[in-house]
Amino acid sequence: MEVATPGLAKEDFNIKIDDDNNLVVSMEKKEENKTEGEDKRYLRQEFSYSKFQQTLVLPKNVDKDKIQAKVENGVLNITIPKIDENSAAKAEKTIEIQ
């Protein structure tokens, strides 16, 4: 999965798996720009605040322990690997009825 994120750094992101096994990608960026005159009065002051959150329902065949994320050149890249089908078959368990 790729998300365009111009001007953002990895510190601006939070990626987690919630209690419902959904992948939650959130971003928060705060900026403040000041231009002061020589007499220390504010000539101009700008504030910028951005917040984004996206929740993705993960399929059952995802290996949640191997999900990786990387921010590079203004792009957040999240790798979501699938579980090997042979491993998934081994993970199934038959429960004995007593």
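**Warm-up: the chain as a whole**

Of the 98 residues in the protein chain, 17% count as buried, where buried means under 20% relative accessible area, exposed over 50% and partly exposed in between (1.4 Å probe, protein chains only). This is a predicted model, in which local features need pLDDT of at least 70 and side-chain atom pairs count only at pLDDT 80 or more, while totals for chains, interfaces and linings use all residues. Residues are numbered from 1 along each chain as its sequence is written, and side-chain values use heavy atoms, with hydrogens and water left out.

**Exercise 1. Describe the secondary structure and the overall surface of the protein chain.**

Step 1. Start with the elements: the chain has one helix and six strands. Helices (H or I, at least four residues) and strands (E, at least two) are DSSP runs, numbered from the N terminus.

Step 2. Put them in sequence order, and the pattern reads β-β-β-β-β-β-α.

Step 3. Turn to the contacts (heavy atoms within 4.5 Å). Among those with a separation of 6 or more, 41% come from residues 24 or more positions apart.

Step 4. Finish with the surface: about 8500 Å² is accessible, and carbon and sulfur atoms hold 44% of this. The area comes from the Shrake-Rupley method with a 1.4 Å probe; for residues, only the protein chains shown count as cover.

**Exercise 2. Work out the order of the open sheet and find its edges.**

Step 1. Three strands line up as S1-S6-S5, with antiparallel pairing. Two strands pair if DSSP finds at least two bridges between them.

Step 2. Strand S1 (2–4) and strand S5 (68–72) each have a single partner strand, so one side of each is left without a neighbour in the sheet.

Step 3. On average, neighbouring strands here are turned by 15° against each other, direction ignored. Axes are lines fitted to C-alpha atoms, for helices over the stretch in contact, and angles run from 0 to 180 degrees between N-to-C directions.

**Exercise 3. Trace the partners and faces of S6.**

Step 1. On one side, S6 (residues 75–79) pairs with S5 over five bridges, in the antiparallel sense. Here Ala69 stands opposite Ile78, and Lys70 has Asn77 as its bridge partner.

Step 2. S1 also pairs with S6 in the antiparallel sense, over three bridges. Ala4 has Val75 as its bridge partner in S6.

Step 3. Look at the hairpin of S5 and S6: two residues lie between the strands, and Asn73 takes a positive phi near 55°.

Step 4. Now sort the faces of S6. Leu76 and Ile78 make up the covered face, whereas Val75, Asn77 and Thr79 lie on the uncovered one.

**Exercise 4. Find the salt bridges and describe the setting of their residues.**

Step 1. The whole structure contains five salt bridges, each a side-chain nitrogen of Lys or Arg within 4 Å of a carboxyl oxygen of Asp or Glu.

Step 2. One of them joins Asp12 and Lys29, with the closest N and O atoms 3.5 Å apart. This pair links distant parts of the chain, 17 residues apart: Asp12 sits in the loop between S1 and strand S2 (13–17), and Lys29 in strand S3 (residues 22–36). Asp12 is buried, at 15% relative accessible area.

Step 3. Another joins Lys30 and Glu28, the closest N and O atoms being 4.0 Å apart. Lys30 is exposed at 61%, while Glu28 is partly exposed at 35%.

Step 4. Lys70 and Glu72 also meet in a salt bridge (3.9 Å, N to O). Lys70 is partly exposed, with a relative accessible area of 48%; Glu72 is partly exposed too, at 44%.
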